[in-house]
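Trainee: Got a minute to go through this one with me? I'd like to talk through whatever stands out.

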Amino acid sequence: MNGISVSAFDIAQRFVGTREVPGPTANPQILAMLRLDGSWPEDDTVPWCSAFVNYVAWLLRLPRSKNLRARSWLAVGRAVTITDAEPGFDVVILKRGSGNQPGPDDHTAPGHVGLYAGAEGNNILVLGGNQDDAVGVGRFPKSQLLGIRRLV
């Protein structure tokens, strides 16, 4: 072995800029991510954040949710705190939407998932798919955090 190790974050960064195709055509790369664990998506206009994380985990043979619901990741790996979270190793699961959202026990409620990219003040940085219809890094309030899971 040459001692080179690649993290989920390293792989995910290779997809930054991958974006949905407007109109009736879908981005074939996003469609492949969606169809890895579900045959029903016809195009890339459906939520695909979990498909992206599943695809990155699949590429590295890491544990994955095998589900297109973001909150399904709350049952994968082991829980870590925000203090112990590490870029490249951890998956962040967030509430989606405004108002009174269900807690982490409801895996069917709306959510968002991506890879932990760090923290800035009251925000969590997330490298994920379906952020402004593309793969990129987004800022989310820590108040939306449902859980952080370590895949290794």
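Trainee: Charges, to begin with: how far apart are the mean positions of the positive and negative charges of the chain?
Mentor: They're 4 Å apart, taken over 15 positive and 14 negative charges. Keep in mind that this is a predicted model.

Trainee: Okay, and the surface. How much area does the chain expose?
Mentor: About 8000 Å², and carbon and sulfur atoms supply 50% of that.

Trainee: And what percentage of the residues count as buried?
Mentor: That would be 48% of the 152 residues.

Trainee: Switching to the fold: how many helices and strands are there?
Mentor: You've got 3 helices and 6 strands. Going along the sequence, the pattern reads α-α-α-β-β-β-β-β-β.

Trainee: Why call it as compact as a globular protein of that length?
Mentor: Because the radius of gyration is 15 Å, close to the 15 Å that the globule rule gives for 152 residues. As for the box that the C-alpha atoms fill along the principal axes, that's roughly 50 × 45 × 25 Å.

Trainee: What about contacts between residues at least 6 apart in sequence: what share join residues at least 24 apart?
Mentor: For those contacts, it's 55%.

Trainee: Now the rings. How many aromatic pairs does the structure hold?
Mentor: There are 3 aromatic pairs. One of them is F15 with F52, an edge-to-face pair with 5.9 Å centre to centre and 85 degrees between the planes.

Trainee: Where do F15 and F52 lie?
Mentor: F15 is in the loop between α1 (8-13) and α2 (28-35), while F52 belongs to helix α3 (residues 49-59), so the pair ties together parts that are 37 residues apart in sequence.

Trainee: Is F52 buried or exposed?
Mentor: F52 is buried, at a relative accessible area of 0%. F15 counts as buried too, with 9% relative accessibility.

Trainee: And what kind of pair do F15 and Y55 make?
Mentor: Their ring centres are 5.8 Å apart and the planes sit at 75 degrees, so that pair is edge-to-face. Y55 lies in helix α3 and F15 in the loop between α1 and α2, so this pair ties together parts that are 40 residues apart in sequence. Y55 is buried, as is F15.

Trainee: Last one: which residues form the aromatic cluster?
Mentor: F15, F52, Y55 and W58 form one cluster.

Terms used:
Residues are numbered from 1 along each chain as its sequence is written. This is a predicted model: local features need pLDDT of at least 70, side-chain atom pairs count only at pLDDT 80 or more; totals for chains, interfaces and linings use all residues. Side-chain values use heavy atoms; hydrogens and water are left out. Helices (H or I, at least four residues) and strands (E, at least two) are DSSP runs, numbered from the N terminus. The radius of gyration is taken over C-alpha atoms; the globule rule is 2.2 Å times the number of residues to the power 0.38. Buried means under 20% relative accessible area, exposed over 50%, partly exposed in between (1.4 Å probe, protein chains only). Contact means heavy atoms within 4.5 Å. Accessible areas come from the Shrake-Rupley method with a 1.4 Å probe; for residues, only the protein chains shown count as cover. Lys and Arg count as positive and Asp and Glu as negative; His and the chain ends are not counted. The place of a charge is taken as NZ of Lys, CZ of Arg, CG of Asp or CD of Glu. Rings of Phe, Tyr and Trp (its six-membered ring) pair if their centres lie within 6.5 Å; planes under 30 degrees apart count as stacked, over 60 as edge-to-face and the rest as tilted.
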